[in-house]
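Reader: Could you take one part of this model and walk me through how it packs against its surroundings? I'd like a close look rather than a tour.

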Amino acid sequence: MKINQRFRNHFSVVITNTVPTVIGIWLVLNLDLLGEAEDVGGIGASIGWTSLIVAGVAVLYVIFSLINWAKTYFTVTEDMLIVERNTLIKRKNTIALKNISNVNLEQGLLSMLFDTCRVKLDTNTLSTANETDVTIVLKRQDAEELRQLLLHGAEKTDGDEQPAKNVVFDEGKSFEVNTRDIIANGFFSLSFSVIIIFLGAAAFGISMLSEALKDPEMGMGDAISVFLSLTVFAVGLIWSMAKKFIDYVDFRVERAEDKVYLSYGLLKKVTYSIPVSKINAILIKQTLLARIGGRYMVEIVNVGMGDDDHEARTFFLPYSKMERIKDLISRLLPEFDGCIEMEEERQSRSIWLIYLPKVLIYLAVSAAVTALVYELWRDYAIIPLIGFAVLGIFLLIVKTAVYGTRSVSLGEKMISITDGAFSKKRLFVGYGKIQYIESSQDPIAKRCKIAKGSLHLLASAANQTWRIPYTKEENIEYIKNKLIG
Amino acid sequence: MEKLSKRALGCMYTASIIGAVILLGIIAALNIFVFFPYGVTVGKIISLVIAIIVVANAAISPIFRYHRYSYSITDEFIDLREGYIFVERNIVPIERLHKMETQRGPIDRMFKVAKVIVTTAGGDVVLRFLDEEKADFIAENLGRRVNRIAAEQRESNEN
């Protein structure tokens, strides 16, 4: 792979795109032929015509895929990636290499057969933040060279024939997880809702099982079916943890100069190359289990990570103790070194006054609905009453947890905001990476001289907007002044 | 901070009245087809309360929103304040702007007002109810400033 070399996708892309469709059509055709065999000249004749049309569509699809493959070219120049599609509609897409926020190499089971890799790249723009900008399929060696060209090509000035530069990892700036880390990560990743569902199902199952054993009329069959349902549920839970283990086998993070490299996977091998300048923030997350166990997980916020389903849960550092997280951040992302020490400023107690009107509205709605049900179905009025009472207690617990979790920290170069109730996530972002801020005040907040708001980042949809919890009015002014450095 | 012209108040009232008429229509339909035929007294009371709130809101909210609405555009920021019960503030650094757009809906055209939508890499902020000529002037001016900032950044990168 060289600068200014024009190349196509690997031919296997035609096979992987068309074979599943052709097999599907072949199956449909065979079913149709069975129909024809039983009913010659009747409905079968019309099915025969349908089969012909379907087969024609399949052939057209294969031809279309071939043309698409033959007429799609890629060229990497010193500072651009050019994608040309000379099909029915001619398109030429030029992407500046300096805008690339993430290059991702993927190799699934089918790709392993052809020894190919999928090169997926994202650019630092909001309009395509929720999708991969370009996907190219190449032989593994070529894909690796293309990645190097994309990440380093913009810096090259001397000669087209220069071979792609190999990545030289900075000494001591790498981290490899072991089996224990991945198992611990799987365990601490379990969310509050999963634990509640599991405990609920376990309690229900055990009570059913003991009832079944006590009751001679229920018989052994019922007991076995309850036991089996419980087992299936437990296996499901263990599988969700085991899947994380399989996904993250051989997980490795490395820092080389101004880029971070992440790689992992057994059945699907994935490698990310991320320029540090395109990392807009880092996120430290804790589930309820992790909060109890004192473990923290780190994710990075940029354009490209998290725009595919499997990427949405990709971590930068797995659940570990704070000392280890601090050490790894200082080695792998020194740009964020020391940020964790920023002092968290909790919300003022006056926010309980702000909740008061909401409580009154909740009570008024509850009373109105209960009165309406009482008038329409007198005997069932107790149901909404109990429902609203239980929901009210639950909301009170959630609000208390939220109050104890949310915070703001304002540093010299960075702001940190913490959100959550039972789980917790803390975002660290440099003021220069904030696109704009919003603040909001109701009359009570204005009287208490506090305001809440949100800050907006260049990131995939899930990480674009971050809530600023209630904080002093003057803190909003402080953030405003820091935005322009 | 700059305030809006009287044209904006007319636009706010029209939009507010249209919204109120739609809501009152829904309430009326509920009463005609459900609450009155089945004699649901609580339903009638609740809908009366909601109707009073809707009418009061349509009458009062435009005045509050009109007086609360203010904006300033300096060399460094766009600072916009708007709202009724909740007062919201948007602060956009000029150097983060990517593009500007003016937009006029049917009600806007009736009152010769327009919106200016400023786009950053993190989303859009909308300056509403601006006099048409002012909206055009702001969009043009911001566009020039953004181009100047981009040129300065290019120059500093080359050096």
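Author: **Domain 4 and its helices**

Chain A splits into domain 1 (6-98 + 129-155), domain 2 (179-247), domain 3 (252-346 + 406-483) and domain 4 (351-404), with bounds from an automatic or database domain assignment. This is a predicted model, where local features need pLDDT of at least 70, side-chain atom pairs count only at pLDDT 80 or more, and totals for chains, interfaces and linings use all residues. Residues are numbered from 1 along each chain as its sequence is written, while chains are lettered from A and ligands numbered from 1 in the order in which they are written.

Let's start inside chain A. The axes of H10(A) and helix H11 (residues 382-405) come within 10 Å and cross at roughly 165° (axes are lines fitted to C-alpha atoms, for helices over the stretch in contact, and angles run from 0 to 180 degrees between N-to-C directions; helices are DSSP runs of H or I, at least four residues, numbered from the N terminus). So H10(A) is roughly antiparallel to H11(A), the term for angles over 145 degrees. On the H10(A) side, the contact includes Tyr355(A), Tyr362(A) and Val369(A) (contact puts C-beta atoms, placed from the backbone, within 7 Å).

H10(A), residues 351-376, also packs on helix H2 (residues 41-68) of chain B, at about 150° with axes 8 Å apart. That pair is therefore roughly antiparallel too. Ala368(A), Ala371(A), Leu372(A) and Glu375(A) meet Thr41(B), Val42(B), Gly43(B) and Ile46(B) there.

As for domain 3 of chain A, its C-alpha centre lies 34 Å from that of domain 4. Eight residues of domain 3 touch six of domain 4, and helix H12 (residues 443-448) gives the most to the domain 3 side, with three residues.

Terms used: Helix = DSSP H or I, 4+ residues; strand = E, 2+ residues; numbered from the N terminus. Parallel < 35°, antiparallel > 145°, perpendicular 65-115°, else oblique. Contact = placed C-beta atoms within 7 Å.
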